[in-house]
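Please examine the sequence and the model shown below before reading the report.

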Amino acid sequence: MTTTDWGDTGSILHTAERIFDAITGEPGLLVALLENLSTDMHLRLMCEGYDFMDKLVLYDSPDHQVRLRLHLYRHGYFDRPHNHRWPFASRILQGSYLHRLYGRDDQFTEDTDPTGLTPILERVEHPGSTYALQHTSVHTVQAEADSISLLLRGPAAKERFLILDKAAGPFWVYGTAQESTATRNSKIMRPDQLDRTIVRVQGLATANTAPTEG
């Protein structure tokens, strides 16, 4: 990953596909990563739980600012138009989600009305789907229950990203270094919650690991 150009989606995709292919193609590798998460306190403290999804951190390299996560989506999951602090690539392992792309973040501000947005791309991501996005991309995901994806994120390019919420209004979200202790604690998964999620993912993902498209 030291040769990856995180400003080039082609380079990101090339790196990510090799990693994702190894995880989906090598029997037992995903199981081993999940088992390691059961005892690795550094990774466990980075796992986050939300109302409709869980984010499990399978690998973290502080030196290279690269992280591999697994996302488990529950029934009712959808997110709001948003960009990211970092470029990333994702692969769907199980289930599917509706993916909408709205454009670059320099076209959106805190005054943007999310109800008036029109996607410039809309597609369903199925098992095996792999894509890379720059941190400047504004998109949304609407997932079916028990969908699972891998996400490889690169170095942060900015301190915050914008979420366009039609109910609460647009708001900024900052990285961990800028979060308050209360905010951080509200995201971290409880040990019992994390252990249950690991077991659930093991049961779902190992039975449904998908081959690469094409």
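The report treats the sheet, the helices, the cores and two backbone sites in turn.

This is a predicted model, in which local features need pLDDT of at least 70 and side-chain atom pairs count only at pLDDT 80 or more, whereas totals for chains, interfaces and linings use all residues. Residues are numbered from 1 along each chain as its sequence is written, and side-chain values use heavy atoms, with hydrogens and water left out.

**Sheet.** Helices (H or I, at least four residues) and strands (E, at least two) are DSSP runs, numbered from the N terminus. Six strands form an open sheet with antiparallel pairing, in the order β1-β2-β3-β9-β4-β7. Because β1 (48-49) and β7 stand at the edges with a single partner strand each, one side of each lacks a neighbour in the sheet. Strands pair if DSSP finds at least two bridges between them; two bridges join the antiparallel β1 and β2, and E48 has K55 in β2 as its bridge partner.

**Helices.** Helix α1 (residues 9-25) has 17 residues and reaches 23 Å from its first C-alpha to its last, close to the 24 Å expected at 1.5 Å a residue, the expected span being 1.5 Å times one less than the number of residues. At its N-terminal end, D8 acts as a cap, with a side-chain oxygen 2.9 Å from the backbone nitrogen of G10. Buried residues (under 20% relative accessible area; exposed is over 50% and partly exposed in between, with a 1.4 Å probe and protein chains only) in α1 are S11, I12, T15, A16, F20, I23 and T24. They pack against α2 (29-37), β3 (66-73), β4 (88-94), β7 (130-133) and β9 (148-153).

**Cores.** A nonpolar core is a set of buried Ala, Val, Leu, Ile, Met, Phe, Trp, Tyr and Cys residues joined through side-chain atoms within 4.5 Å. The largest has 31 residues, and L30, L37, L56, L58 and L70 have the most contacts inside it. Its largest share, five residues, comes from α5. Apart from it lies another core of 13 residues, among them M53, Y73, Y97 and Y131.

**Backbone sites.** Most residues other than glycine have a negative phi. Q65 has a positive phi although it is not a glycine, and D146 likewise has a positive phi without being a glycine.

| Residue | Phi | Loop | Relative accessibility |
|---|---|---|---|
| Q65 | about 55° | between β2 and β3 | 43%, partly exposed |
| D146 | about 65° | between β8 (137-143) and β9 | 23%, partly exposed |

Technical notes. Contact = heavy atoms within 4.5 Å. Polar contact = N/O pair within 3.5 Å; in protein donor to acceptor, adjacent residues only side chain to side chain.
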